Amino acid sequence: MATDRIDGTAVTSGWISGFLGMVIFSGSLPATRVAVMAFDPVFLTAARAAIAGLLGLALLLALRQRRPSRSDLPSLAIVALGVVVGFPLLTAMALQYVSSAHSILFIGLLPLATATFGYLRAGERPRPGFWLFSVLGAALVVGYALAQGIGSITWGDPLMLAAIVVCGLGYAEGGRLSRTVGGWQVISWALVLSLPAMLALTWATLPADFGHVDAAAWTGLAYVSLFSMLIGFVFWYRGLALGGIAAVGQLQLLQPFFGLALAALLLGEAVSITMLALTLGVVACVVGARRFSR
């Protein structure tokens, strides 16, 4: 009984951490959309990773963390390729063709991608009811996008789909590794692993002149560097490790709606009453998925 209570407390703590991480990530695409209006996508990707990598390195040194074992390096490389380089670069490129509101709706597919890689990489085996609620939640989000008329297919759409795949892999791999290494340590080491390449790429793509960069673009760069690339992952990976990769990953179904609210607030993009009502259906799917996740 005592063990059950301890496990239940850990799972609840994981869901709370995951929720905080999801809320932080909700600002990523609107912030990227603002920043990419002034910065080249490659420079933006490299700069955000370099800034976060230097902060992560400072944390690891200040808190005297042990170096990861050699066996952990392949997993850290997957995390780095998925969430440090792949997802930021692909979304920055996609946002040159589509609006942040359009791109955020692809996030409805991310819980399924994360759960699938949790099954493949972390050995998680949710019950059939979990997959039912997960697919239903994704269908609600994607169905809403289709009903609103997402317009003609552009290069932004396949780029966003590719971003979802690599991000789901990076989330699942990082969540699995966080069980033994620790959440903030995983993202910090992944950032440090990619730091030399990101510093070199930042220098190589450095704009000749920053005169055209306004305060909004600098704010966007600061947000994706500090919150999207580091602080959000501290909460998110802890949540995946404690609450389960597939289960906590379903919180991402709520991310489009938080992101669309931010897009409306910061960018003046329209948010309908229908979208707000649909949020309730998505919340029900998250609750249902949690019930059948173990």
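**Exercise 1. Find how accessible Arg176 is, and name the residues joined with Arg176 by salt bridges that share partners.**

Solution. Start with the side chain's surroundings. Arg176 has a relative accessibility of 26%, so Arg176 counts as partly exposed; this class lies between buried (under 20% relative accessible area) and exposed (over 50%), using a 1.4 Å probe and protein chains only.

A word on the ground rules before going on. This is a predicted model, in which local features need pLDDT of at least 70, side-chain atom pairs count only at pLDDT 80 or more, and totals for chains, interfaces and linings use all residues. Residues are numbered from 1 along each chain as its sequence is written, and side-chain values use heavy atoms, leaving out hydrogens and water.

Next, look for a partner. Arg176 meets Glu173 in a salt bridge, with N and O 2.8 Å apart; the term requires a side-chain nitrogen of Lys or Arg within 4 Å of a carboxyl oxygen of Asp or Glu. Both residues sit in helix α8, 3 residues apart, or about one turn of the helix. Helices are DSSP runs of H or I with at least four residues, strands are E runs of at least two, and both are numbered from the N terminus.

Finally, shared partners place Arg121, Glu173 and Arg176 in one network of salt bridges.

**Exercise 2. Follow Glu173 to Arg121, and compare the accessibility classes of the two.**

Solution. The N to O distance in the salt bridge between Glu173 and Arg121 is 2.7 Å. Distant parts of the chain are linked here: Glu173 belongs to helix α8 (residues 156-181) and Arg121 to helix α6 (residues 110-121), 52 residues apart.

Now the classes. Glu173 has a relative accessible area of 0% and is buried, whereas Arg121, at 40%, is partly exposed.

**Exercise 3. How many salt bridges does the structure hold, and which residue pairs with Glu124?**

Solution. The count is 3. In general, side chains of opposite charge can pair when their charged atoms come close.

Glu124 pairs with Arg179, their closest N and O atoms being 2.8 Å apart. This pair also links distant parts of the chain, 55 residues apart, with Glu124 in the loop between α6 and α7 (128-148) and Arg179 in helix α8. Glu124 is buried at 14%, while Arg179 is partly exposed at 40%.

**Exercise 4. Describe how helices α4 and α9 meet.**

Solution. First, the geometry. The axes of α4 (residues 73-94) and α9 (residues 183-204) come within 8 Å and cross at roughly 75 degrees. That crossing makes the two helices roughly perpendicular. Axes are lines fitted to C-alpha atoms, for helices over the stretch in contact, with angles from 0 to 180 degrees between N-to-C directions; under 35 degrees is roughly parallel, over 145 roughly antiparallel, 65 to 115 roughly perpendicular and the rest oblique.

Second, the residues. On the α4 side, those in contact (heavy atoms within 4.5 Å) include Leu73, Leu76 and Val83; on the α9 side, they include Trp189, Leu193 and Met198. By class, this contact has 15 nonpolar, 1 polar and no charged residues.

**Exercise 5. Is helix α2 largely enclosed or open, and where does Arg64 lie?**

Solution. Helix α2 covers residues 28-36, and 9 of its 9 residues are buried, so the rest of the structure largely encloses α2. Among these buried residues are Pro30, Arg33 and Val36.

Arg64 lies in the loop between α3 (41-62) and α4, and counts as exposed at 76% relative accessibility. Its phi is near 50 degrees, a positive value in a residue other than glycine. For context, most residues other than glycine have a negative phi.

**Exercise 6. Sum up the chain, and say which residues have pLDDT under 50.**

Solution. Begin with the fold: 13 helices and 0 strands. Of the 294 residues, 52% count as buried. Among contacts between residues at least 6 apart in sequence, 92% join residues at least 24 apart.

For one pair distant in sequence, take Thr12 in helix α1 (residues 2-25): its C-alpha atom is 7.0 Å from that of Gly243, 231 residues away along the chain.

End with confidence. The average pLDDT (the predictor's confidence in each residue, from 0 to 100) is 86, and 89% of the residues score at least 70. Residues 1-6 stay under 50, and the model gives them 0 contacts beyond four places in sequence.

Methods. Ala, Val, Leu, Ile, Met, Phe, Trp, Tyr, Cys and Pro count as nonpolar, Asp, Glu, Lys and Arg as charged, and the others, Gly among them, as polar.
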